[in-house]
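Me: Please take a close look at one part of this structure for me. Pick a place and build the picture outwards from there. Short sentences, please.

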Amino acid sequence: MKNRQLPKAYDPQAVEAKWYQYWLEKNYFHAEVDRGKQPFAVVIPPPNVTGRLHLGHALNNTLQDILVRYHRMKGDNTMWIPGTDHAGIATQVKVEEELAKEGKTRHDLGRERFLDRVWEWKEEYGGAIIRQLKELGSSCDWERERFTMDEGCSRAVREVFIRLYEKGLIYRGSYLINWCPKCATTISDIEVEHEEQEGRLWQIRYPLAEGDGYIQVATTRPETMLGDTAVAVHPEDDRYRGLVGKKVRLPLVNREIPIIADEMVDREFGTGAVKVTPAHDINDFEVGLRHNLPQITVIGFDAKMTDEAGRYAGLDRYECRKQVLADLQAGGLLVGEETLHHAVGTCYRCDTVIEPLISKQWFVKMKPLAEPAIKAVQEGEIRFIPERFTKIYLNWMENIRDWCISRQLWWGHRIPVWYCQDCQAEFAASETPAVCQKCKSERIEQDPDVLDTWFSSALWPFSTMGWPERTEELEHFYPTAVLVTARDIIFFWVARMIFMGLEFMGEKPFHDVLIHGLVLDRDGKKMSKSRPETNIDPLDVIEKYGADTLRFTLATGTALGQDQRLQMEKIDGIRNFSNKIWNAARFVLMNLADYDLEQEAKVNLDSFTLADRYILSRLQRVTREASAMLERYELGAVANLLYDFIWSEFCDWYIEMAKPLLKNEGEKRQTTQVVLVKVLRQVMELLHPYMPFITEEIWQTLPHQGETIMLAPWPTVDDALIDPQAEAEMGLIMNLTRAIRNIRAEAGVDPGRKIEAIFLAEAAQLRILDENRLYLQTLGGLNKMEIRAAGAEKPEKAMTAVVGGVEVYLPLAGLVDLDLERKRLQKELTNLEEERKRLTAKLANQQFVTKAPPAVVEKERKKLADLEVDYEKIQRRLADLS
């Protein structure tokens, strides 16, 4: 064969740029509808168009790419749709920050000019994250790239809105919403982050309107008392039974408000009496509806006090709090204060404390949409992996509130509703109307608000395939196979895609939801710019080590649904793994100058050595295990399996055993070449979904069929090569070699010095030792090796080990410290004693013996029996040395 060599050092930047460009030019990532193939479709969780690749993106897209590349090699018709999200608040804030540098606001430009500016910004900066996903190696179908505000997605959004509106599932109403004063928009319940903060609980006396006496209430927000319209107690609280129905005089305002009874009140909190402010608290809002209480708004959208706050009007909410407390103190009505730790709602975007306010907003009526979405998961149509997330999803869906979908922004999908200024009609339309649908007046105005970003994201699995048209792509690729996502957006996105898919496609959007954890720093905390010493930038890692190293590092740390800690030492370790693979490939290629591709077909199975049979058998088992684990989404376990096989079995053992055989001529050399090529090529194919670049580079230099490893058939298992006997015999050789190396190290023998070894073994083991002298001598550093039957004369003044019933003696004359050897054997005996106790206790446990698989129990019994043999031999050796 034409023998191509690899450079001495692996250069990931050069290799990765070359192969990604090659894949793009060959259009390998693209898929067309092919009804003769099994479809496997994935839609990318669209990153914000403002975004920069962070570790969450890197992990999420690595896991998706592993599955996509695996299924492509399996021969499935694989399509991975990429795209970005317009990210309403995030993008608008970015552009407003740019305007601020010019001393302008969006209002100076006006809506149309501001939106032009946002589109310009999007075109200039919005592609960065796509370029970075390509650097990561993502094999997306870039011809199908979408944007949540492109023409097709925008059409789908309007169509969904109008259909839900016409069904009465979208409505406009006054409701208590979560308002962010800094972002100047409403945000949904799940966009509110509840932070544990230290606050104060104040006790305030509300005097009875008639006669003497008072009722004492507890509050964490005294500034809202200016909007109180009742005091509530629990109907079964005997302390206040005689006060229900009476009135109190609201301090500072002098307004009479009723004392009401409502089961919402927690009798154990504070005094058991609470102020009711329907315009500024969700629970109070619901109480107000039940008791027909007035709603008095005392805090405005600018977080300042309104005219309804009387003399406090115009004050910031926190300044007002200080003033109210001072005035209550002066009036003798503030009677207690204590420290309290409680959850405070903050904006997920800017961390500002949320202000609950009554506002006219657009809502989606959730109950009719949630019911089929609950049923689909309960009946197993959609699986959450790991399964524990099913309960979290169902609990949220069963307690869901109507979804507030309007946002007070300019960037986003504008709500397609118009209001007539003449007849006050309200109507929805998919295209901008010229006149009122009812009275034909031209005096119509569109609703100024835009839709929640997650509204368009919820349609992503079908809007990206051409809905509302019934396209070929929808017929073939929908529902998609699996959604890979982080656990923190199950409610934001996953649940909404499920109910939207069921409502508009009549079918689930995906079969499986694979949930992965978050990437944390070495201390188990979220990475933060405020702690740069622990913050790892994935783009820096790609630049320094290459994408394969980053991908494999993240993959090996992945356990289903669990967070992982990442530190540079781990990345360094995987870089070393890449170098190990590279050097192994260089060794193989340097020994293929005389290799003939036809050798693989001609190889005589009888010519396989024990090492050949062992590595080929292990390769079959690893292939079977990796394939099964990939089907179960155990992606981290596969990465660790391949790491161990490549490093610890193929490189550290088989390649070392192959070296002396490659020095021969003829059949032995040819057979060894065939096994090296076959194993390395198949391992590269198994590893390809994880490390696509280095595997392509190596695979292309090896004898192979096809244009690219990307489209090479996924490896299959050859049962004829599974050889338990070879694995057991090689296990003995490997363990004996380890024992010899350990003794040499303990005795301080120079690694280059050849030594003598004597083996005492039972009849069945004598053959194994005799046939594999070459391995033991080469790997153990032996210049003389003697094999004796068990019970034969034992050498004196030698260091010893017992492995699998075989006694190993190293007569290291002049190098052995007998005291040291006795201590070593005593230590080994102690270790065996501890292991014997553990195994004995385990086998005495009836629960284990009766419930564990019989093969597992038998394996533990055999371990104990083998241990007893070794224990007895070491005891005898200690006696001999004494």
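Reply: Start with strand E23, residues 510-516, which gives 3 residues to the lining of the largest cavity, the largest share of that lining. The model is predicted: local features need pLDDT of at least 70, side-chain atom pairs count only at pLDDT 80 or more, and totals for chains, interfaces and linings use all residues. Residues are numbered from 1 along each chain as its sequence is written, and side-chain values use heavy atoms, leaving out hydrogens and water.

Some terms come up at once. Strands (E, at least two residues) and helices (H or I, at least four) are DSSP runs, numbered from the N terminus. A cavity is a set of points on a 1 Å grid over the protein atoms alone, where a 1.4 Å probe fits but cannot get out. Lining residues have an atom within 4 Å of a point. Grid points are joined across faces, edges and corners, and a volume is the space filled by probe spheres set on the points.

By this rule there are 2 cavities of 30 Å³ or more. The largest has a volume of about 40 Å³. From E23 look for Leu 514, Ile 515 and His 516, which are among its lining residues. The others in the lining are Leu 63, Thr 558, Leu 560, Gly 561, Tyr 633 and Leu 635. What kinds of residue make up this wall? The lining has 6 nonpolar residues, 3 polar ones and no charged ones. Here Ala, Val, Leu, Ile, Met, Phe, Trp, Tyr, Cys and Pro count as nonpolar, Asp, Glu, Lys and Arg as charged, and the others, Gly among them, as polar.

The second largest cavity holds about 30 Å³ of space. His 516 lines this one, and His 516 also lines the largest. Thr 558 is in the lining here and in that of the largest cavity. The rest of the second lining is Leu 59, Gly 517, Leu 518, Ala 559, Gln 562, Asp 563 and Gln 564. That lining divides into 3 nonpolar, 5 polar and 1 charged.

Now see what flanks E23. An open sheet of 3 strands runs in the order E15-E23-E22, with parallel pairing. Strands E15 (383-385) and E22 (480-486) are the edges, and each pairs on one side only. Two strands pair if DSSP finds at least two bridges between them. On average, neighbouring strands of this sheet are turned by 20 degrees against each other, direction ignored. Between E22 and E23, which run parallel, there are 6 bridges. One place to look is Thr 485, whose bridge partner in E23 is Ile 515. Ile 515 is also in the lining of the largest cavity.

Helix H2, residues 55-74, packs on this sheet and touches E22 and E23. Contact means heavy atoms within 4.5 Å. The direction of H2 makes about 155 degrees with that of E22. Axes are lines fitted to C-alpha atoms, for helices over the stretch in contact, and angles run from 0 to 180 degrees between N-to-C directions.

Follow the edge strands to their loops. Most peptide bonds are trans. The bond joining Ile 385 and Pro 386 is cis, with omega about 0 degrees. Pro 386 sits in the loop between E15 and helix H11 (388-398). At the other edge, the bond from Tyr 478 to Pro 479 is cis too, with omega near 0 degrees. Pro 479 lies in the loop between helix H14 (472-477) and E22.

One step back, for the whole structure. A search finds 33 aromatic pairs. Rings of Phe, Tyr and Trp (its six-membered ring) pair if their centres lie within 6.5 Å; planes under 30 degrees apart count as stacked, over 60 as edge-to-face and the rest as tilted. Why does the pair of Trp 23 and Phe 693 count as stacked? The centres are 5.3 Å apart and the planes are at 25 degrees, so the pair is stacked. This pair links distant parts of the chain: Trp 23 is in helix H1 (residues 12-26) and Phe 693 in helix H23 (residues 692-701), 670 residues apart.

Note on methods
1 Å grid on protein atoms, 1.4 Å probe; cavity = no way out; pocket = protein on both sides within 12 Å on 5 of 7 lines; lining within 4 Å.
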